[in-house]
Amino acid sequence: MAQPLRVLFVVSEAVPYAKTGGLADVAGTLPYALRDLGADVRVLMPYYGQIKQKNLPVTCVAENLEGTVGPLRLRFNLLTPAEDGAPFYFVERDEFFERSQLYGTPQGDYFDNLERFAFFCSTVLPVCRALDFAPDLIHCHDWQAALVPVYLRYRWAGEAPLARAKSLLTIHNLAYQGLFPKEKFPLTGLNWSLFSINGLEYYDKINLLKGGIVFADAVSTVSPNYSQEIQTPEYGYGLDGVLRTRAEALFGILNGVDYRDWDPATDPLIPAHYHPGDLKGKAKNKRALMAAFGLDKKLAKQPLLGIISRLADQKGFDLLAAVLPELMFRDIPLVILGTGEEKYHRWLEEAAPKYAGRLGVKIAFDNRLAHLIEAGADIFLMPSRYEPCGLNQMYSMKYGTVPVVRATGGLVDTVTPVDTAKGTGTGFLFEEYSAEAFIKAINQAVEAYQNKKLWRKIMLNGMKEDFSWQVSAKKYLELYQRLVSGPV
Ligand code: ADP
């Protein structure tokens, strides 16, 4: 039998170990889907305080390995979960990773993120040596891993066991680029000649993501539509020009859903199960959700709107702020679960008591509550300014919670516009980034909700969609094989 394809994921978060967003869902699920297809996938990530606190049994694979930050050689241990069959490896160096958060606090990023993630990237070579693992391909994710393709070319060229490794950089969110002051460049361990317009320099700053885009063998994003959008100035976050130069090697592969975790027929985190053949449980979940947020029971007949989101500008909270008074005036209840930027925490904490009984707010990262919102809400709102893929709209469809989304990025690839006359489609989309367009789409959904037969049809259309990882994993594998067998 031919050797399985050997792939190393280098990623800064993965479920069930540490998560701030959709990246963790991808990194915790895709490797298993690829393994099911026969690839030998290993995942390298930092050993955060969050993981330590879980008291997860771990085994030390190797002690006192050496990574680097510029000229400094720094020791780390390599750990792996004791659980059978988990292909995960953790880089343990407490000075860098034993903190309350992954990248920073609501007040801002950690001051030493360059040191932390340059170090993390530098561990790839010693880790592969310690594991005696010669990857055919290194799949790097986002700016935190973007130095790896650069190191492959300029530090590790010809070094066993990485001599043959190709690299793929997946961009999960182009807005986060890993920008640092020029003075820190020596900490990357790279020659100053790479601090140029054709390398990691970006308006006199270090841009780690740019380095990855320029030097990876191929680049991908998490939906086909986003891979096109980011080549335009509107969505390119200053890197559209660089991305256009890589257009031939730029791909878009949609994220998938792990239906073992996100299926209302089996979800252990919700009070009542339901499925397309029997939707009764949904009403019970709605009651539980309204109770959890202290909403007025009299509003149960109204469509319940839900949001689960990082509280960041990307997610369209300025549009929400603009439409909120009208929704509240019309007694349309809304629940919001999120954490993120402090300005949004403050805004929501002020709004909640003002609209008590109609608006439920929880500032937290709470997976159980996220599942209850998917199961209990009728309509899910995602007015994103941009959305590389978006997972919640796909979860929502599976839970019969009809999405109202802005027509951007992966939302366009996954939500089909409802045609009320034909009873087709899975959600409501709006184009223009404006409060008017947003409220219009919400109104269309609210109106459709009044027509029980139509609404049931829309719910069922969504519940029958299949965004499972199997499909996307096959596409990744095809791309890996293409890369390994020659230039794309
Ligand atoms: P992004 O990666 O931009 O944050 P996605 O929609 O791709 O957005 O993925 C977000 C993921 O994080 C989903 O799994 C969502 O349920 C989860 N999530 C976001 N905020 C919270 C929260 N406050 N509590 C629980 N889960 C959350």
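**Asking how we know**

Student: What makes Tyr203 count as exposed?
Tutor: Tyr203 has 70% relative accessibility. Exposed means over 50% relative accessible area, buried means under 20%, and partly exposed is in between, with a 1.4 Å probe and protein chains only. The value of 70% is over 50%, so Tyr203 is called exposed.

Student: Before we go on, what kind of model is this?
Tutor: This is a predicted model, in which local features need pLDDT of at least 70, side-chain atom pairs count only at pLDDT 80 or more, and totals for chains, interfaces and linings use all residues. Residues are numbered from 1 along each chain as its sequence is written, and side-chain values use heavy atoms, leaving out hydrogens and water.

Student: Why is Asp204 called partly exposed?
Tutor: Asp204 has 44% relative accessibility, and 44% falls between the 20% and 50% cut-offs, so partly exposed is the right label.

Student: Where do Tyr203 and Asp204 lie, and what phi does each have?
Tutor: Tyr203 lies in the loop between β11 (201-202) and β12 (205-207), and Asp204 is found in that loop between β11 and β12 too. Strands are DSSP runs of E with at least two residues, helices are runs of H or I with at least four, and numbering starts at the N terminus. Phi is positive at both places: about 45 degrees for Tyr203 and about 70 degrees for Asp204. Most residues other than glycine have a negative phi.

Student: How do you know that the peptide bond from Val15 to Pro16 is cis?
Tutor: Its omega is near 5 degrees. Pro16 sits in the loop between β1 (6-10) and α1. A cis peptide bond also joins Ala160 and Pro161, with omega about 0 degrees, and Pro161 is placed in the loop between α6 (147-154) and β9 (166-171).

Student: How do you know how many disulfides the whole structure has?
Tutor: The search finds zero. A disulfide is a pair of cysteine sulfur atoms within 2.5 Å. For Cys60, the nearest cysteine sulfur, that of Cys128, is 17 Å away, which is not within 2.5 Å, so Cys60 is in no disulfide. Cys389 is in none either: the nearest cysteine sulfur, that of Cys140, is 20 Å away.

Student: Are Cys60 and Cys389 buried or exposed, or in between?
Tutor: Cys60, at 39% relative accessibility, is partly exposed. Cys389 has 1%, which is under 20%, so Cys389 is buried.

Student: What makes helix α5 mostly covered?
Tutor: In α5 (residues 124-131), six of the eight residues are buried. They are Val124, Leu125, Pro126, Val127, Cys128 and Leu131. Just after α5, Asp132 takes a positive phi of about 50 degrees.

Student: How is the protein divided into domains?
Tutor: An automatic or database assignment sets the bounds: domain 1 is 6-256 + 470-485 and domain 2 is 280-466. Their centres, taken over C-alpha atoms, are 32 Å apart. The contact, meaning heavy atoms within 4.5 Å, takes 21 residues from domain 1 and 21 residues from domain 2.

Student: How many salt bridges cross the interface of domain 1 and domain 2?
Tutor: The rule asks for a side-chain nitrogen of Lys or Arg within 4 Å of a carboxyl oxygen of Asp or Glu, and it finds zero across this interface. Happily, there is one more helix detail: α1 (22-36) and α8 (224-229) each supply at least two residues of the side of domain 1 that touches domain 2, and α8 gives the largest share, four residues.
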